[in-house]
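Here are some questions on helices, strands and salt bridges. Each answer reasons briefly and ends on what was asked for.

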Amino acid sequence: MFDKLELLVEKFEELEKKIIDPEIMKDMNVWQKLAKEHGDMKPIVEKYREYSKHKKELEENKEMLKESLDDEMKELVKEEISELEDSIEKEEQDLKILLLPKDPNDEKNVFMEVRAGTGGDEAGLFAEDLLRMYRMFADKQKWKTEIMSISEQGVGGIKEVVFLVKGKGAYSKLKYESGVHRVQRVPATESSGRIHTSAATVAVLPEVEDVDVVINQNDLRIDVYRASGNGGQCVNTTDSAVRITHIPTGVVVTCQDEKSQLKNKDKAMKILKSRLYEKYQEEQNKDIADARKSQIGSGDRSERIRTYNFPQGRVTDHRINMTIYQLDSFLNGDISEMIDALITSDQAKKMLAIAE
């Protein structure tokens, strides 16, 4: 590991010289690429330099103990040695995590799809709760959200919603939310007080650039139709809703939230690219499916990952057997504790897999 880190420091120092080279700065595309590479390496190099500094100080302190010191000075040196050893142990762990292979999608924005599952109207109400939870969490992270497509149910709640979360590192945190979310509570319509179990599914797709997915326009069937909804001047008056079908894969995307057909088409194309990107990634990863199952990764939308139990005021993540007894706060977007635990568990499993 440390041989690799020494080489990394050398490369980092070379990049530092290049990004201040006036000749290289003339080509902004090259400069931006080098600057990004430099920025990605900086946290690792800084941590390694801190680690190396503490290692040197530890050796110096151990040498000092061999000298003739009074008792008080010896105790001070021993105390500093103990503190340095604790720091070095933590820094070694931090370096191992920083050296783990990065998910190329981690810094991307994400499309999140929340769909009502089993449980009838109650599932739609729960899907709406999840939408609100994620939007509140995004607000706390200083991220922006934008509804791309939404289908509401008549009694309140939603059948399906697709929304974009824009912010640095959005995918790195939200990717763990993919899967089946189950709720146990007494519905407002239940007069006998009986607890119902309902579910909603969540999918998290990285927003992709044009270079990530190339779509042949001849592979698309684009239909336009009149939007349907709860009323309003523009509903059912113009053919503004758009349905795009990717014929080779059968992937279908609809969007009807904007008054403009052009805007709906643009939104639908963005969602289509992300769904196709996910589909292609899944196909490429079939060979390493067993390895992915041993990690938390981004989850599987068919797997039950979490239960929200209202009578007991708790939320439990089944992948890491973690329970939080602050359900109200959780549904108000305070989900960082759970996400941090999922990230830590995933990192630990990846390090174990590398060590084997």
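Buried means under 20% relative accessible area, exposed over 50%, and partly exposed in between (1.4 Å probe, protein chains only). This is a predicted model, in which local features need pLDDT of at least 70, side-chain atom pairs count only at pLDDT 80 or more, and totals for chains, interfaces and linings use all residues. Residues are numbered from 1 along each chain as its sequence is written, and side-chain values use heavy atoms, with hydrogens and water left out.

Q: Is Asp 94 buried or exposed?
A: Its relative accessibility is 19%. Asp 94 therefore counts as buried.

Q: Which residue forms a salt bridge with Asp 94?
A: A salt bridge needs a side-chain nitrogen of Lys or Arg within 4 Å of a carboxyl oxygen of Asp or Glu. Here the closest N and O atoms are 3.0 Å apart. Both residues belong to helix H4 (residues 71-98), and being four residues apart they are separated by about one helical turn. Helices (H or I, at least four residues) and strands (E, at least two) are DSSP runs, numbered from the N terminus. The partner is Lys 90.

Q: Which residues are linked with Lys 90 and Asp 94 in a network of salt bridges?
A: Lys 90 is exposed, at 54% relative accessibility. The network holds Lys 90 and Asp 94 together with Lys 47 and Glu 50.

Q: What span should helix H3 have?
A: H3 covers residues 28-65, which makes 38 residues. The expected span is 1.5 Å times one less than the number of residues. The end C-alpha atoms lie 54 Å apart, which agrees with an expected 56 Å.

Q: Where does H3 bend?
A: The bend is the angle between axes fitted to the seven residues ending at a residue and the seven starting there. It comes to about 40° in H3, and Pro 43 follows within four residues. The bend is at Lys 42.

Q: Which residue meets Asp 40 in a salt bridge?
A: The N to O distance is 3.0 Å. Both partners lie in H3, four residues apart, about one turn of the helix. Asp 40 counts as partly exposed at 48% relative accessibility, while its partner counts as exposed at 54%. That partner is Lys 36.

Q: How many residues apart in sequence are the parts tied together by Asp 129 and Arg 185?
A: The two form a salt bridge, with the closest N and O atoms 2.8 Å apart. Asp 129 lies in helix H5 (residues 121-140) and Arg 185 in strand E4, so the pair ties together parts 56 residues apart.

Q: Which strand pairs with E4 in the parallel sense?
A: Two strands pair if DSSP finds at least two bridges between them. E4 (residues 179-185) has six of its seven residues buried. With strand E5 (residues 196-206), E4 pairs in the antiparallel sense over seven bridges. The parallel pairing has five bridges, and its partner is strand E9 (residues 304-309).

Q: What is the strand order in the open sheet of three strands?
A: Its pairing is antiparallel. The edge strands, E6 (220-225) and E8 (251-255), each pair on one side only. Five bridges join E7 (residues 241-246) to E8. The order is E6-E7-E8.
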